Amino acid sequence: MKTECKADFVQLKGKTYPCTVSLTMDLVGGKWKTVILYHLKDEPKRYNELRKEMSAITEMTLSLQLKQLEKDGLVARAVYGKKPPIKVVYSLSDFGKTFIPVLDAITQWGNQVVSEHGEFVQASND
């Protein structure tokens, strides 16, 4: 029997899922969550640093996704200072760091797909 099929359902933090794959996709699925985790993989970053590195994401989406990743325990948010301008830094939590091997595998697979079936394209500087 597959591990993810040991029971009819799995639960985490009061939420019930049909399998561990569904649980994982709830935590890191969607267009941006994994990309955000990738950008935090090597070092903590401020919000504006993340925005610069992911220029295609809207401010609202980045903010919402960071809040969700923090709520789910994958990202830690540290606030420095008590009055504006305060400094807020995002980093992978210890739980988030357990996802690094998956991020590395996704990156490697994506590079392989592009190398074999696509192309790497440089942005034009008009």
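**View 1. Aromatic rings and a charge over Tyr80.** Searching the whole structure, a predicted model, turns up 0 aromatic pairs. One ring does have a charged partner: the charged end of Lys87 sits over the ring of Tyr80. The distance from that end to the ring centre is 5.9 Å.

**View 2. The largest nonpolar core.** This core holds 22 residues. Seven residues touch the most other members. They are Ile36, Leu37, Leu40, Leu50, Met54, Leu62 and Tyr90. Four elements each give two or more residues to the core. Three are helices: α1 (20-28), α2 (33-40) and α4 (59-71). The fourth is the strand β5 (87-92). In soluble globular proteins, nonpolar side chains tend to be buried together.

**View 3. Contacts around Leu40.** Leu40 is among the core residues that touch the most other members. Neighbours within four places in sequence are left aside here. Leu40 then contacts Lys45, Leu50 and Val75. Leu40 is also in contact with Tyr90, Ser91 and Leu92. Two of these partners, Leu50 and Tyr90, are themselves among the core residues with the most contacts to other members.

**View 4. Gln65 on helix α4.** Gln65 lies in helix α4. Residues up to four places away in sequence are not counted in this view. Gln65 touches Trp32, Lys33 and Ile36. Val28 is 37 residues from Gln65 in sequence. In space, the C-alpha atoms of Gln65 and Val28 are 9.8 Å apart.

**View 5. Helix α2 against helix α6.** Two packed helices are described by the angle between their axes and the distance between the axes. For α2 and α6 (residues 100-117), the angle is about 105° and the axes are 10 Å apart. Angles of 65 to 115 degrees count as roughly perpendicular, so α2 is roughly perpendicular to α6. From α2, the contact uses Thr34, Leu37 and Tyr38. From α6, Leu103, Ile106 and Thr107 take part.

**View 6. A cis peptide bond at Pro85.** Pro84 and Pro85 are joined by a cis peptide bond. Its omega is near 0°. Pro85 is in the loop between β4 (75-80) and β5.

**View 7. Lys13 and its positive phi.** Lys13 is in the loop between β1 (10-12) and β2 (15-17). Lys13 is not a glycine, yet its phi is positive, at about 50°. Is Lys13 buried or exposed? Its relative accessibility is 62%, so Lys13 counts as exposed.

Terms used
Residues are numbered from 1 along each chain as its sequence is written. This is a predicted model: local features need pLDDT of at least 70, side-chain atom pairs count only at pLDDT 80 or more; totals for chains, interfaces and linings use all residues. Side-chain values use heavy atoms; hydrogens and water are left out. Rings of Phe, Tyr and Trp (its six-membered ring) pair if their centres lie within 6.5 Å; planes under 30 degrees apart count as stacked, over 60 as edge-to-face and the rest as tilted. A charge sits over a ring if NZ of Lys or CZ of Arg is within 6 Å of the ring centre and within 35 degrees of the ring normal. A nonpolar core is a set of buried Ala, Val, Leu, Ile, Met, Phe, Trp, Tyr and Cys residues joined through side-chain atoms within 4.5 Å. Buried means under 20% relative accessible area, exposed over 50%, partly exposed in between (1.4 Å probe, protein chains only). Contact means heavy atoms within 4.5 Å. Axes are lines fitted to C-alpha atoms, for helices over the stretch in contact, and angles run from 0 to 180 degrees between N-to-C directions. Angles under 35 degrees count as roughly parallel, over 145 as roughly antiparallel, 65 to 115 as roughly perpendicular and the rest as oblique.
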